[in-house]
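Biologist: I have the model open beside the sequence. Please take me through it one question at a time, with the cut-offs as we go.

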Amino acid sequence: MTRPVLAESEYRFMELVWDHEPVSSGALVELCLETFQWKKSTTYTVIKRLAAKGFLKNEKSTVTALVSREEVQANASELFVERTFGGSLPGFLAAFLGGRAISEQEAAELKRLIDESRED
């Protein structure tokens, strides 16, 4: 199931959840006040919105993520490559590298990732 992409502020909020979960909603209110200068009502609105989108749950005043940071990053990356490069991973890589040289270690890591992901 593909989940909607998070807005920047929602992603930063989820980072707090991932870093502190399970976290009480009260503690999350305090974290959001310190980190974003959000009011209590803003924090609860974001909790409700992200719960409705399927990213987290708030059960008995304890907030936990329903998706991992890696899942969210992978989904956002895939959508970016699709929108910006028509789904072309080589096109993305060429633009990302922009003619810059990569180290032997980076090249080996990219090759390992490609080999692991190759369709047989």
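Biologist: Which word fits Phe 85: buried, partly exposed or exposed?
Modeller: This is a predicted model, in which local features need pLDDT of at least 70, side-chain atom pairs count only at pLDDT 80 or more, and totals for chains, interfaces and linings use all residues. Residues are numbered from 1 along each chain as its sequence is written, and side-chain values use heavy atoms, with hydrogens and water left out. Buried means under 20% relative accessible area, exposed over 50% and partly exposed in between (1.4 Å probe, protein chains only). The relative accessible area here is 24%, so Phe 85 is partly exposed.

Biologist: Thanks! Which residues does Phe 85 contact, leaving aside neighbours within four places in sequence?
Modeller: Phe 85 sits in helix α4; helices (H or I, at least four residues) and strands (E, at least two) are DSSP runs numbered from the N terminus. Contact means heavy atoms within 4.5 Å. With those neighbours set aside, the partners of Phe 85 are Phe 80, Gly 91, Phe 92 and Ala 95.

Biologist: Which residues make up the aromatic cluster with Phe 85?
Modeller: Rings of Phe, Tyr and Trp (its six-membered ring) pair if their centres lie within 6.5 Å; planes under 30 degrees apart count as stacked, over 60 as edge-to-face and the rest as tilted. By this rule there are seven aromatic pairs. One cluster is formed by Phe 80, Phe 85, Phe 92 and Phe 96.

Biologist: Why is the pair of Phe 13 and Trp 38 called stacked, and not edge-to-face?
Modeller: Both of these residues, Phe 13 and Trp 38, are buried. Phe 13 belongs to helix α1 (residues 8-20) and Trp 38 to the loop between α2 (25-36) and α3 (40-52), so the chain places them 25 residues apart. Their ring centres are 6.0 Å apart, and the pair counts as stacked because the planes meet at 15°.

Biologist: Which element supplies the largest share of the largest nonpolar core?
Modeller: A nonpolar core is a set of buried Ala, Val, Leu, Ile, Met, Phe, Trp, Tyr and Cys residues joined through side-chain atoms within 4.5 Å. The largest has 22 residues, and Phe 13, Met 14, Leu 28, Leu 50 and Leu 56 have the most contacts inside it. At least two residues come from each of α1, α2, α3 and β3 (62-65). The largest share, six residues, is from α1.

Biologist: And which element gives the most to the lining of the largest pocket?
Modeller: On a 1 Å grid over the protein atoms alone, a pocket is an open set of points where a 1.4 Å probe fits, with protein on both sides within 12 Å along at least five of seven lines; lining residues have an atom within 4 Å of a point. The largest pocket holds about 600 Å³, a volume being the space filled by probe spheres set on grid points that are joined across faces, edges and corners. Of its 16 lining residues, Val 81, Leu 89, Phe 92, Leu 93 and Ser 117 are closest to the centre. Seven of the lining residues, the most from any element, come from α4.

Biologist: Last one: what is omega for the cis peptide bond of Pro 22?
Modeller: Most peptide bonds are trans. Pro 22 lies in the loop between α1 and β1 (23-24), and Thr 64 of strand β3 touches Pro 22. The cis bond joins Glu 21 and Pro 22, with an omega of about -10°.
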